[in-house]
Amino acid sequence: MSDFEYQTVLSHCEAGVRTITLNRPESLNAMNRVLIHEVALAFDDANRDPATRVIVLTGAGRAFCAGDDRKAHVHPADETEARDLVEAIQRVTRAMVFGEKPVIGAINGWAVGGGFEWALNCDLSVWGRDARAFFPEVSLNLFVTGAVTAILPALVGLAQAREMLYFGRRYEASELYELGIAWQVVEAEALLETSQRAARELAATPEKSLRAMKRVLNRCALGDIEQALALETEAVVTAFLDPETSRRLLDF
């Protein structure tokens with residue numbers, strides 16, 4: 001077994017499976033700067049750890065991740081701060097998508113905004129039957145990141161991706177399964193065990209071929225992720241600098 005210690009994340013490895021748990025349950029695992037930084041760090045550590053073969057990502061308590069922590073939100077004052085925040089969020093995506101080790105999401109409760117992005121960054125995701133997800137960004141005068149503009153259309157098609165991003169509608173786990181986002185939908189009490197069982201199965205496969213399969217699939221099937229991240233960065237920075245965004249965030 002191998003473990004790393006963080007303030008807002010739990011990380012535990014057993015039998016080749018590292019489970020990374022977002023651990024701010026009192027805030028529905030909402031994203032503040034410490035959590036964003038530590039999730040990226042936890043994935044970097046997991047990808048470097050020779051004992052880790054597969055990663056499971058989940059959330060403690062009643063939610064996977066409720067998006068931006070409105071109570072802790074510090075709106076970027078200028079372009080430098082805005083760009084720094086986006087790059088911190090995208091560091092998580094890079095660690096998940098470009099990291100060598102497969103990631104299985106165990107998605108419980110709400111996955112909102114950035115939390116939904118992290119769910120999409122997983123190679124496979126198991127959703128609890130009571131899980132829900134949506135993108136509120138357009139209604140907040142914001143923009144998605146996490147390579148969503150490449151990953152989401154690859155999963156659901158361009159027309160459906162437009163619906164999900166333009167309107168910000170809320171989707172149940174069963175709908176996400178039908179759309180091809182959820183790999184499996186299970187009862188909430190079976191969520192973590194189902195995800196870890198699948199991870200153990202993957203951990204038993206040849207390591208080099210599994211890593212190569214992830215790398216080639218992501219490079220070929222998801223389009224130009226680097227371009228998506230670059231374009232998303234500029235769109236998010238522009239949105240953050242618009243005074244209308246601050247007003248809508250306060251009202252959300």
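The legends below describe several close-up views of a predicted model.

**View 1. Strand β5 and its enclosure by the rest of the structure.** Strand β5 covers residues 103-107, and because five of its five residues are buried, the strand is largely enclosed by the rest of the structure. In a regular strand the side chains alternate between the two faces of the sheet. In β5 both faces are covered, with Val103, Gly105 and Ile107 buried on one side and Ile104 and Ala106 buried on the other.

**View 2. The strands that pair with β5, namely β4 and β7.** Strand β4, made of residues 54-59, pairs with β5 in the parallel sense over four bridges, and within this pairing valine 56 has isoleucine 104 of β5 as its bridge partner. Strand β7, made of residues 124-128, also pairs with β5 in the parallel sense, again over four bridges. Here the bridge partner of isoleucine 104 is leucine 124 in β7, so that isoleucine 104, a buried residue of β5, can be followed from one pairing to the other.

**View 3. A buried arginine in strand β3.** Arginine 18 belongs to strand β3, which runs over residues 17-22. The residue counts as buried because its relative accessible area is 0%, and its side chain is joined to that of threonine 52 by a polar contact of 3.0 Å.

**View 4. The aromatic pair of tryptophan 110 and phenylalanine 134.** Three aromatic pairs are found when the whole structure is searched. In the pair shown here, the ring centres of tryptophan 110 and phenylalanine 134 are 5.9 Å apart and the ring planes stand at 80 degrees, so the arrangement is edge-to-face. Because tryptophan 110 lies in strand β6 (residues 110-112) and phenylalanine 134 in strand β8 (residues 132-134), the pair ties together parts that are 24 residues apart in sequence. Tryptophan 110 is partly exposed, with a relative accessible area of 30%, whereas phenylalanine 134 is buried, with a relative accessible area of 6%.

**View 5. The aromatic pair of phenylalanine 116 and tryptophan 127.** The rings of phenylalanine 116 and tryptophan 127 have centres 6.1 Å apart and planes at 80 degrees, so this pair is edge-to-face. Phenylalanine 116 is part of helix α3 (residues 114-121) and tryptophan 127 is part of strand β7, so the pair ties together parts that are eleven residues apart in sequence. Both phenylalanine 116 and tryptophan 127 are buried, and together with Phe135 they form one aromatic cluster.

**View 6. Arginines placed over phenylalanine rings.** The charged end of arginine 170 sits over the ring of phenylalanine 134, at 4.3 Å from the ring centre. Arginine 169 lies over the face of phenylalanine 167, where the distance to the ring centre is 4.3 Å.

**View 7. The cavity and the residues that line it.** Rolling a probe the size of a water molecule over the atoms shows where empty space is left. The structure holds one cavity of 30 Å³ or more, and the largest cavity has a volume of about 40 Å³. Its lining is made up of Arg53, Val54, Pro102, Leu202, Ala203, Thr205, Glu207, Leu210 and Arg211. The elements that give two or more residues to this lining are α7 (191-203) and α8 (207-221), and α8 gives the most, with three residues.

Methods: Residues numbered from 1 in each chain as written. Predicted model: local features only at pLDDT ≥ 70, side-chain atom pairs only at ≥ 80, totals over all residues. Heavy atoms only, no water. Buried < 20%, exposed > 50% of the residue type's maximum accessible area, 1.4 Å probe, protein only. Pairing = 2+ DSSP bridges. Polar contact = N/O pair within 3.5 Å; in protein donor to acceptor, adjacent residues only side chain to side chain. Phe/Tyr/Trp six-rings, centres within 6.5 Å; stacked < 30°, edge-to-face > 60°. Lys NZ or Arg CZ within 6 Å of the ring centre and 35° of its normal. 1 Å grid on protein atoms, 1.4 Å probe; cavity = no way out; pocket = protein on both sides within 12 Å on 5 of 7 lines; lining within 4 Å. Points joined across faces, edges and corners; volume = space filled by probe spheres on them.
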